[in-house]
Number of protein chains: 2
Amino acid sequence: MHPPERAACCDQTDTHQDILDAVRLKMPDEDTLYNLTELFHIFGDSTRMRILYVLFASEMCVCDIAALLGITQSAISHQLRLLKSARLVKSRREGKTVFYSLADDHVKTIIDQGLEHVQE
Amino acid sequence: MHPPERAACCDQTDTHQDILDAVRLKMPDEDTLYNLTELFHIFGDSTRMRILYVLFASEMCVCDIAALLGITQSAISHQLRLLKSARLVKSRREGKTVFYSLADDHVKTIIDQGLEHVQE
DNA sequence: TTATCATATGAACAGATAATCATATAAGAA
DNA sequence: TTCTTATATGATTATCTGTTCATATGATAA
């Protein structure tokens, strides 16, 4: 006997329905879930991660980031655009040069948490 | 005039070289950086994120996760394999059924940090 | 103006990846 | 044994994504 809203599936204990209800309650809404995975997706690329680490040390212009990481200016610009649209970095122009920096300290906190997990 | 190890690039302040040195010091080694981006990469997919949220509530078998999320058993199995190889979830077999659960509480901490950033 | 430098961006391509399908494995029931 | 259920997995495919290249924009200098 299955609870009415379940498809044919493996049988479980009496508390099965309670668990399913608990899951549905705790699941974030679709928008939040999208934004959350999008945020982590941004962190899930080594070029972007290295850019962020550079910016942990100091605000920096595009060509310096490129030179420092050994990546073309174009690639860096493309990635900075993503980072900026995710509001992880911000920029200011000074003449021909554009300086990028972290949007807020939250960024480092999240990455440090991940680092702790990795370094266990 | 540029510092010797720099390629032709935009001119900077006197502290330029100090900043570059600081960046190099703070940058994690290649292995750590790889593991870190790999970790976030795992979080950067909505199916995997939803699986993790399901497991926040309770340990659960594969077909229940599939039914709950409306995703095929095969897709869930494939993603669980990734999650397990990243040591984010663990499994135990009970007869024909395999139950998955979170590998440790660290996982939820990292995701909660991301959630805070997203919900600002 | 033209020339140069710093950055941004569109297009194209190569590599990665998530889902699907078919099938294999593993365990229990008949 | 055979049948069924639960899960795992290899192959295929469609989509996504990061880089490169060429070029455009924006700012300064001559």
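Contact here means heavy atoms within 4.5 Å. This is a predicted model, in which local features need pLDDT of at least 70 and side-chain atom pairs count only at pLDDT 80 or more, while totals for chains, interfaces and linings use all residues. Residues are numbered from 1 along each chain as its sequence is written, chains are lettered from A and ligands numbered from 1 in the order in which they are written, and side-chain values use heavy atoms, with hydrogens and water left out. Helices are DSSP runs (H or I, at least four residues), numbered from the N terminus.

**Relation of the two chains**
- A turn of 180° with a shift of 0.0 Å along the axis lays chain A on chain B with an RMSD of 0.0 Å (least squares on the C-alpha atoms of residues with pLDDT of at least 70 in both).
- This is therefore the relation of a two-fold axis.
- The same surface serves both copies, since 100% of the contact residues of chain A recur in chain B.

**Extent of the interface**
- In chain A, 55 residues are in contact with 55 residues of chain B.
- About 4600 Å² is buried between chain A and chain B, and carbon and sulfur atoms give 75% of that area (the accessible area, 1.4 Å probe, that two parts lose on being put together, summed over both).
- F40(A), H106(A) and H117(A) supply 14% of the area that chain A buries against chain B, more than any other three residues.

**α6(A) against α6(B)**
- Helix α6 spans residues 106-118 in chain A and in chain B, and the two axes come within 10 Å and cross at roughly 170° (axes are lines fitted to C-alpha atoms over the stretch in contact, and angles run from 0 to 180 degrees between N-to-C directions).
- α6(A) and α6(B) are therefore roughly antiparallel (over 145 degrees).
- Among the residues that meet are H106(A), I110(A) and H117(A) on one side and H106(B), I110(B) and H117(B) on the other.
- By class, this contact has two nonpolar, ten polar and two charged residues (Ala, Val, Leu, Ile, Met, Phe, Trp, Tyr, Cys and Pro count as nonpolar, Asp, Glu, Lys and Arg as charged, and the others, Gly among them, as polar).

**α2(A) against α6(B)**
- Helix α2 of chain A (residues 30-43) packs on α6(B) at an angle of about 110°, with the axes 9 Å apart.
- α2(A) and α6(B) are therefore roughly perpendicular (65 to 115 degrees).
- T32(A), N35(A), L36(A), L39(A) and F40(A) meet I110(B), I111(B), G114(B), L115(B), H117(B) and V118(B).
- The residues of this contact divide into seven nonpolar, four polar and no charged.

**α3(A) against α6(A)**
- Within chain A, helix α3 (residues 46-57) packs on α6(A) at about 120°, with the axes 11 Å apart.
- M49(A), L52(A), Y53(A) and F56(A) in α3(A) meet V107(A), K108(A), I111(A) and L115(A) in α6(A).
- This contact has seven nonpolar, no polar and one charged residues.

Key:
Helices (H or I, at least four residues) and strands (E, at least two) are DSSP runs, numbered from the N terminus. Angles under 35 degrees count as roughly parallel, over 145 as roughly antiparallel, 65 to 115 as roughly perpendicular and the rest as oblique.
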